[in-house]
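Student: I would like to work through this structure with you step by step, beginning with the sheets and helices and ending with a few individual residues.

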Amino acid sequence: MALLEVAGLTKMFGGLTAVSELTFDIQPGELLSIIGPNGAGKTTLFNLLTGFYRPTSGTITFNAIDITGCKPYQVTRHGIGRTFQLTSIFKKSTVLENVLIGKSLHAAVGVWGSVLRTPATRREERKIRENAREILSFVGLGDKEDKVAGSLTEEAQKRLSISMALATEPKLLLLDEPTGGVNLEEISGLIDLVGKIRKSGTSICLIEHKMRMVMTISDRIVVLNYGKKIAEGAPKEVASNNEVIRAYLGERYAA
Amino acid sequence: MVLGILNVPNFAQGHLYMVAAYLGFYMVMSYGMNYWLALVLATVALGVFGLVIYGLVFHRMRNAPEVNLFVAAMALLMVLEGIALYFFGASTKWFLIPFTRRVITFIGLALPVQRLIIIVGTLVVMVLLELFIKRTAMGAALEATAQHREGAMLCGIKVTRISAMAFIIGTGLAGIAGMLIGPAVLLEPTMGMGPLLVAFSAIIFGGLGSVGGAVLGAFILGLVESLASGYVSAKYSLIFVFGIMILMLLFRPKGLFGREVWRP
Amino acid sequence: MEAIRTVFSPKAVAWMLVLIAAIAVPPIVGGYVTSMLILIAIWTIMCFSMNLIFGYTGQLSLGHSAFLGIAAYTFSLITVKLHVGFWPAFLIAIVFTGFVGFLVGIPALKLRGPYFILVTLGFAVIVGVIVLGWIDLTGGANGLFGIPRPNPIPLPGGGTLRFDSLLSMYYFILFFVVLIGIFCHRLVHSLIGKRFIAISYNENLTESLGINTMSQKLLSFTISAILAGIAGVLYATYNAVISPELTHFARGMDVVAYLIVGGAGTMAGPIVGTLVLMTVPEVLQILPYLKTLINGIILMLFIIFLPNGIIGWFNMNLGGWLTSRRAVHGSA
């Protein structure tokens, strides 16, 4: 059974169709990459999946539950985590605090417990803190927990945003250009991290522009152009697909 | 009906300013002056005032978090109210001009002239505004800046100038509104509050991001207020207007014609 | 051990000194200053309330003067007209106010930015209209009078705690200030407080992390309404007389001014801001009706040049010595 099923997904903004009749699925444990020229609707797709946009039509099913039209926090609670193209972290807080927020949706804390500092609350807070530290060392930021998030390097900030998404304990992680703005040496580090996340059992859906990376690590690829799916399949098939070549490089290069 | 003018669309970066604050305080200007002349002068004066405020306050704060701008606007409100209290006193004043008492009889209906002026004035201003936004280059620049500041900058639009322009237009409109309404109501330092609330209720009711909707909302809500004043009680009419806005918020937060808000 | 270090840290010592001063000063300085301090204390509670919803959760509500008024009027009405006892009336008044806060929060918090501010402002205006207009209930512009002080409390060792004197009222109110201060401190340092702060920094991001931001905002709003309500009841019982002026939105704006000048998002901010902005006009003998004007000018200067307030400035320049760490709005 597929982890995520998208059927006939369409999103129109006034007269503009951003995404049109999109249908694909993601199997548990796989790494699916979404590629396509700029403006093809990739980030819009992520926004639709995570509830930031309401689909004009179509359905989204996750773990056999229909999550079409759910609010973002509900989608996250169902088990889909996400990072943003523009690195989104709480720049003014410390690294640890950032992850704590990510973990807090699982925290069983209440107002009275917090104010009276009951043993139960303190235990819960300690547990959450421990979990947060584990996640930080998993992504390689274990030694930076007290640094102010805004003072980290671009690459470290990307890791932080990934760790925040991981804190929500997702079954499916949507990564929107995780290597954007990162230099060449650092990319392989991030690729390793992505591999590590996969091994721990989380399925991944990746938006990326770096073709070599995409070809190497993906199980399957979906190609979008002007909001429509123009190809789907294993990396080799997609690379030799005429439609795809035409979309990226223009008519001249198509076979 | 009266409140149609006060709905100043929230342009460029949502700089909020307390329109009504200005309204109240420039009414008394035309003591002894010809009404139409005073109208023009008030509008110009307010526009200039807007420029000054923009330069001194909002331009400096253009990189500050949004909340700070609201606080600044609020501070402005406090200052203006304080000044008005000081110069004009807390008692109400009456703005008398030749038209106030005159009434035209038209097919058997007694129409107070001032109200007619207000209605006509509103329509004229709305049409002009619409033309300005849709047909002129500056209008387009304004819309562009409102939608995406950085994008506009990249296109070579002088964002600072445009923001200032938006502000000036806004305050100028407030001036017109104030002069039109002044003769019809009692003047007191907090007179701007009511219209401001109705204006925002209208914007919410008609839909955030939709100017046409806001105008429609203003008309409907103005009607509601008048009816409530007439049938229930003038004191509580504002509550009805507010109540409708709350209902709208509960059941259809986007309003009647609201556009989907872009969330990054 | 960690506990001992916390108790004797510079911050804790500073707070202890402040508390000792607050307890020791009034008997020495006499009636006029004490009554000033009482009012400062009450408005400090209001400021704590605003700090929670604005300083920490990032929602600027201009409607909280209405909550203060609702609580004050509810309390006064049921004690004066229905002869309900002091403590039950206190409880009823603040629970009712919290309930109203909850109801108002539901539609209001669906809006963001300027729209939220305007709706809360509208709420304050509406409440003002009702209080002024419903003369049978509220006495209109004349207000209500004859509001009782707390009932004497029998003490375990014999004798009773009476609240007739100015000094006793001062300590009574100070008790609440300290209680509420500790409450707020604990809340904002807890996980829930961290959620509030996250919402104030970036609501969308917080929501994408699985947090129901609407319910958290509502929680913050309701709690702050209750705190405002407590301030209202305390004012009513101290002053024995209340009038519609209490609910005027300008009061709410004054409190925002106190908060920003002191430092929003800090624990000491509300206290410092209220203290400074309420005593300076007194000292300089400024005419009362110019108060809002002066507050507005000072606020304008601060929001442009010192948006983090006095404590915020200390925080950034003397290394977080005096306050909790949350760095607030403003350029830095």
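The questions and answers that follow concern a predicted model.

Student: How many helices and strands does chain A have, and what does the radius of gyration of chain A come to?

Tutor: Chain A contains 10 helices and 10 strands. For its 255 residues the globule rule gives 18 Å, and the value for the chain is close to that, so chain A is as compact as a globular protein of that length. Its C-alpha trace spans about 70 × 40 × 35 Å along the principal axes, and the radius of gyration is 19 Å.

Student: In the open sheet of 4 strands in chain A, which strands stand at the edges?

Tutor: The order of this sheet is E2-E1-E4-E5 in chain A, and the pairing is antiparallel. An edge strand has a single partner, so one side of it is left without a neighbour in the sheet. In chain A this applies to strand E2, residues 16-26, and strand E5, residues 65-66.

Student: Over how many bridges do E1(A) and E2(A) pair, and which residue does Glu5(A) stand opposite?

Tutor: Strand E1 of chain A covers residues 4-13 and pairs with E2(A) in the antiparallel sense. The pairing extends over 7 bridges, and in E2(A) the residue opposite Glu5(A) is Asp25(A).

Student: At about what angle to E2(A) does helix H1 of chain A run?

Tutor: Helix H1 of chain A, residues 42-49, lies across E1, E2 and strand E4 (57-62) of that chain. With respect to E2(A), the helix runs at about 70°.

Student: What is the strand order of the open sheet of 6 strands in chain A, and what does the twist average from one strand to the next?

Tutor: The order is E6-E7-E8-E3-E9-E10 in chain A, with mixed pairing. Strand E6 (80-82) and strand E10 (228-233) of chain A are the edge strands, each pairing on one side only. From one strand to the next, the twist averages 20°.

Student: In which sense do E7(A) and E8(A) run, and which residue stands opposite Leu174(A)?

Tutor: Strand E7 of chain A, residues 172-176, is joined to strand E8 of chain A, residues 203-207, by 5 bridges, and the two run parallel. Opposite Leu174(A), in E8(A), stands Cys205(A).

Student: Of the residues of chain B, what percentage count as buried?

Tutor: Chain B has 10 helices and 2 strands, and along the sequence its pattern reads α-α-α-β-β-α-α-α-α-α-α-α. Among its contacts with a separation of 6 or more, 73% are between residues 24 or more positions apart. Of its 264 residues, the share that count as buried is 47%.

Student: Is helix H3 of chain C largely enclosed or not, and at which residue does H3(C) bend?

Tutor: Helix H3 of chain C, residues 31-56, has 26 residues and reaches 35 Å from its first C-alpha to its last, close to the 38 Å expected at 1.5 Å a residue. Of these 26 residues 19 are buried, so H3(C) is largely enclosed by the rest of the structure. Gly58(C), which follows the helix, has a positive phi near 75°. The helix bends by about 35°, and the residue at which H3(C) does so is Met50(C).

Student: Which helices do the buried residues of H15(C) pack against?

Tutor: Helix H15 of chain C covers residues 309-317, and its buried residues include Ile310(C), Ile311(C) and Phe314(C). In chain C, the buried residues of H15(C) pack against helix H12 (249-262), helix H13 (269-283) and helix H14 (291-305).

Student: Where does Glu21(A) lie, and does it count as buried, partly exposed or exposed?

Tutor: Most residues other than glycine have a negative phi. Glu21(A), however, has a positive phi near 45°, and its place is in strand E2 of chain A. Because there are 14 C-beta neighbours inside 10 Å, Glu21(A) counts as partly exposed.

Student: How many C-beta neighbours inside 10 Å does Tyr226(A) have, and in which loop is its place?

Tutor: Tyr226(A) is a residue other than glycine with a positive phi, near 50°. Its neighbours inside 10 Å number 15 C-beta atoms, so Tyr226(A) counts as partly exposed. Its place is in the loop between E9 and E10 of chain A.

Technical notes:
Residues are numbered from 1 along each chain as its sequence is written. Chains are lettered from A and ligands numbered from 1 in the order in which they are written. This is a predicted model: local features need pLDDT of at least 70, side-chain atom pairs count only at pLDDT 80 or more; totals for chains, interfaces and linings use all residues. Two strands pair if DSSP finds at least two bridges between them. Two residues are in contact if their C-beta atoms, placed from the backbone, lie within 7 Å. Axes are lines fitted to C-alpha atoms, for helices over the stretch in contact, and angles run from 0 to 180 degrees between N-to-C directions. The expected span of a helix is 1.5 Å times one less than its number of residues. The bend at a residue is the angle between axes fitted to the seven residues ending there and the seven starting there. A residue is buried if 20 or more other C-beta atoms lie within 10 Å of its own, exposed if 12 or fewer, and partly exposed in between; C-beta atoms are placed from the backbone. The radius of gyration is taken over C-alpha atoms; the globule rule is 2.2 Å times the number of residues to the power 0.38.
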